Amino acid sequence: MTTVDAAARTLCEAGRRLVDLGLSPGASGNVSVRSGDLVLMSPTGVPLGGLLPDEVAVLDLDGARVRGGRPSKEVPLHLAMYRRGPQVAAVVHVHSAHAVASSCLPPWSTTSALPPFTPYLVMRVGQVPLVGYAPPGSDELATRLDDVQVDFRGALLAHHGSIVGADRLDAAVEAAAEIEEAARVALALHGTAARVLPDDAVRDLADRYGTPWGPRP
């Protein structure tokens, strides 16, 4: 089995995991993984739970298809995540319900759409900025992601969903699940007098777990 074949199998497993976690309703969402100078991506119109290795789209680093199926329209968005740095080797983008709902609300701060109500978002993801709306699949959306000035591993796309970049697909899947859970908690507490973690506690967690979290402006 070649490295690309192994990556295709891993991508299909990640797709099934996202469906099992309830993060990918219908045929929504897309995943990709980098293998050397290639990017493997879920094909358009195929539910993530039913991906087959032979259907996976194989692209070069400019987004041109090398072989396999026709990729999701979100190729520009995924490539923008890979441009965030060499540490990004896998990308997960989903339309999970609570993340979508949270992306339609004003952000908690300019650096994180989701507040640190519990330690786990800080520990597992870090700050989650809100990326301004642009049409799905557009170059404009990718540019808006490029333009985010703060460091992040995951973000909310306004009126759209979440996106995560990680060094491994399983880590990206788990981060997407954590963003969904943090969004669920935030929505449950929305409009209440709920307190966030103290700043010093957040800073300690971010330092201890090596996640990006800047001071709230």
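**Exercise 1. A glycine in a loop**

Which residues does Gly-68 touch, not counting residues up to four places away in sequence? Work this out for the predicted model above, then place Gly-68 in the fold.

*Solution.* Start with the contacts: Gly-68 touches Asp-54, Glu-55, Val-56 and Ala-57, once residues up to four places away in sequence are set aside. Next, locate the residue: Gly-68 sits in the loop between β4 and α2. Then check its accessibility: the relative accessible area of Gly-68 is 38%, so it is partly exposed. Finally, try a distance: Gly-68 and Val-33 are 35 residues apart in sequence, and their C-alpha atoms are 14 Å apart in space.

**Exercise 2. Reading the sheet**

Find the order of the 8 strands in the open sheet, and work out which strands stand at the edges.

*Solution.* Follow the strands across the sheet: the order is β4-β3-β2-β1-β5-β8-β7-β6, with mixed pairing. Now look at the two ends. β4 (65-67) and β6 (130-131) each have a single partner strand, so one side of each lacks a neighbour in the sheet.

As a check on one pair, take β2 (residues 38-41) and β3 (residues 57-60), which are antiparallel and share 4 bridges. Within this pair, Leu-40 is opposite Val-58 in β3.

**Exercise 3. Strand β8 and its neighbours**

How many residues of β8 are buried? Describe how β8 pairs on either side, and examine the turn that leads into it.

*Solution.* Begin with burial, for which the cut-off is a relative accessible area under 20%. In β8, 6 of the 6 residues are buried, so the strand is largely enclosed by the rest of the structure. Sort them by direction: Gly-161, Ile-163 and Gly-165 point one way, while Ser-162, Val-164 and Ala-166 point the other way.

Now take the partners in turn. β5 and β8 run antiparallel and are joined by 5 bridges; here His-93 has Ile-163 as its bridge partner. β7 and β8 also run antiparallel, joined by 4 bridges, and Ala-155 is opposite Ile-163.

The last step is the connection. β7 and β8 make a hairpin with 3 residues between them. His-159, in this turn, has a positive phi of about 60 degrees although it is not a glycine. With a relative accessible area of 51%, His-159 counts as exposed.

**Exercise 4. Helix α6, from length to packing**

Test whether the end-to-end distance of α6 agrees with 1.5 Å a residue. Then find which strands the helix lies across.

*Solution.* α6 covers residues 169-189, which is 21 residues. The rule multiplies 1.5 Å by one less than the number of residues, so the expected span is 30 Å. The end C-alpha atoms are 30 Å apart, which agrees. Just after the helix, Gly-191 takes a positive phi of about 85 degrees.

For the packing, α6 lies across β1 (30-35), β5 (90-94), β7 (154-157) and β8 (161-166), and runs at about 30 degrees to β5.

**Exercise 5. The nonpolar cores**

Which residues touch the most other members of the largest nonpolar core, and which element gives the largest share?

*Solution.* This core has 48 residues, and those touching the most other members are Leu-11, Leu-18, Leu-40, Val-92, Leu-114, Leu-121 and Ile-179. The elements giving two or more residues are α1 (3-20), β1, β2, β5, α4 (119-124), β8, α6 and α7 (199-209). The largest share, 11 residues, comes from α6. A second, separate core has 17 residues, among them Leu-77, Val-91, Ala-155 and Ile-163.

**Exercise 6. Salt bridges**

Compare where the partners lie in the chain for Arg-83 with Asp-146 and for Glu-140 with Arg-144.

*Solution.* The structure holds 9 salt bridges. In the bridge between Arg-83 and Asp-146, the closest N and O atoms are 2.8 Å apart. The pair links distant parts of the chain, 63 residues apart: Arg-83 is in the loop between α2 (75-82) and β5, Asp-146 in helix α5 (residues 139-146).

For Glu-140 and Arg-144, the closest N and O atoms are 3.2 Å apart. Both residues lie in α5, 4 residues apart, about one turn of the helix. Glu-140, at 39% relative accessibility, is partly exposed, and so is Arg-144 at 35%.

To finish, look for a network: salt bridges link Asp-167, Arg-168 and Asp-170.

Technical notes:
Residues are numbered from 1 along each chain as its sequence is written. This is a predicted model: local features need pLDDT of at least 70, side-chain atom pairs count only at pLDDT 80 or more; totals for chains, interfaces and linings use all residues. Side-chain values use heavy atoms; hydrogens and water are left out. Two strands pair if DSSP finds at least two bridges between them. Contact means heavy atoms within 4.5 Å. Axes are lines fitted to C-alpha atoms, for helices over the stretch in contact, and angles run from 0 to 180 degrees between N-to-C directions. A salt bridge is a side-chain nitrogen of Lys or Arg within 4 Å of a carboxyl oxygen of Asp or Glu. Buried means under 20% relative accessible area, exposed over 50%, partly exposed in between (1.4 Å probe, protein chains only). A nonpolar core is a set of buried Ala, Val, Leu, Ile, Met, Phe, Trp, Tyr and Cys residues joined through side-chain atoms within 4.5 Å.
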